[in-house]
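Trainee: I have a structure open on my screen and would like to understand one part of it properly. Could you pick a single helix and walk me through its surroundings?

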Amino acid sequence: MTGFGGCAGSARAVSLLFLLRRWRERNARTVAAPRLKPADAPSNTALASLAGGDLEERFHAWRGRSGRRYICSVFPVDQRAADAGLPEFAEAIVIAVGQDIGGERRVVAFLQCEYGANALARQAFVAAAVKAGAQQWHVHLLTADPQKRRAAIEDIEALCRPAVPVLAPV
């Protein structure tokens with residue numbers, strides 16, 4: 001008998017499962033280790049996994065001094081919209097980003113958003129960032145608490161000095 005119903009098929013299936021399990025065990029150790037970028041790696045990059053696709057311009061990664069990558073959603077600055085197009089987020093990091101003629105991105109300013117935000121401070125941040133040349137809002141939503149958000153800003157800021165000083169949490 002052939003196929004998975006017979007003895008020969010069952011032995012082959014068990015053998016394949018054993019090989020797959022061994023491969024996973026060997027490779028699990030290498031996959032789990034974090035891969036930090038060397039010090040000369042760019043501090044900001046597009047996501048290679050999205051290259052050439054529809055979402056390529058919607059996401060961006062910033063690297064901190066620690067080697068960690070911070071994935072951000074990208075929103076255009078729209079000076080006609082309220083808050084220049086910066087979406088309302090609580091518990092987020094906002095990186096105001098400018099671009100030169102060659103498309104190179106640079107940090108203009110950082111904002112740490114928290115619940116109970118001060119609307120006037122947010123408006124002041126938006127006005128200062130736009131005046132300093134912000135063309136995009138990069139929003140990082142994956143940092144769990146205020147202390148970790150502050151640490152993430154400091155990590156990124158160590159490699160990318162903003163044009164506008166970092167504002168206190170709003």
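Mentor: Happily; what follows is a close look at helix α2 and the contacts around it. Keep in mind throughout that this is a predicted model.

Let's start with the helix itself. Helix α2 covers residues 119-131. At 1.5 Å a residue, its 13 residues should span 18 Å, and the C-alpha atoms at its ends are indeed 18 Å apart, so expectation and model agree. At the start of α2, Asn 118 offers a side-chain oxygen that comes to within 2.9 Å of the backbone nitrogen of Leu 120. After the helix comes Gly 133, with a positive phi near 110°.

Now turn the helix so that you look down its axis. Arg 122, Phe 125, Val 126, Ala 129 and Val 130 are the residues to colour, as they are buried. These buried residues fall within an arc of 120° in that view, and therefore they line one face of the helix. What do they pack against? Their partners are β4, β5 and β6. Swing round to the face turned away from the buried side, and you find the exposed residues Leu 120 and Lys 131.

Two of the buried residues deserve a longer stop, and Phe 125 is a good place to begin. A pair of aromatic rings is described by the distance of the centres and the angle of the planes. Phe 125 pairs with Trp 137 in a tilted arrangement, with 5.9 Å between the centres and 40° between the planes. Because Phe 125 sits in α2 and Trp 137 in strand β6 (residues 136-140), this pair ties together parts that are twelve residues apart in sequence. Are these partners buried or exposed? Phe 125 counts as buried because its relative accessibility is 1%, and Trp 137 is buried too, with a relative accessible area of 0%.

The other stop is Arg 122. Side chains of opposite charge can pair when their charged atoms come close. Arg 122 makes a salt bridge with Asp 83, whose closest O atom lies 2.8 Å from the closest N atom of the arginine. Arg 122 belongs to α2 while Asp 83 belongs to the loop between β3 and β4, so the bridge ties together parts that are 39 residues apart in sequence. The relative accessible area of Arg 122 is 6%, which means that this charged residue is buried. Asp 83, in turn, is partly exposed, at 22%. The pair also has company: Asp 83, Glu 88 and Arg 122 are linked in a network of salt bridges.

One last place to visit is the loop that leads from β5 to α2. Glu 114 lies in that loop and Arg 149 in helix α3 (residues 146-157), so their pairing ties together parts that are 35 residues apart in sequence. Their side chains meet in a salt bridge, at 2.6 Å from N to O. Glu 114 is buried, with a relative accessible area of 13%, and Arg 149 counts as buried at 0%.

To put the picture together: α2 has its buried residues along one face, and those residues pack against β4, β5 and β6. From that buried set, Phe 125 pairs with Trp 137, while Arg 122 forms a salt bridge with Asp 83.

Definitions and conventions. Residues numbered from 1 in each chain as written. Predicted model: local features only at pLDDT ≥ 70, side-chain atom pairs only at ≥ 80, totals over all residues. Heavy atoms only, no water. Phe/Tyr/Trp six-rings, centres within 6.5 Å; stacked < 30°, edge-to-face > 60°. Helix = DSSP H or I, 4+ residues; strand = E, 2+ residues; numbered from the N terminus. Buried < 20%, exposed > 50% of the residue type's maximum accessible area, 1.4 Å probe, protein only. Expected span 1.5 Å × (residues − 1). Arc of directions from axis to C-beta. Contact = heavy atoms within 4.5 Å. Polar contact = N/O pair within 3.5 Å; in protein donor to acceptor, adjacent residues only side chain to side chain. Salt bridge = Lys/Arg side-chain N within 4 Å of Asp/Glu carboxyl O.
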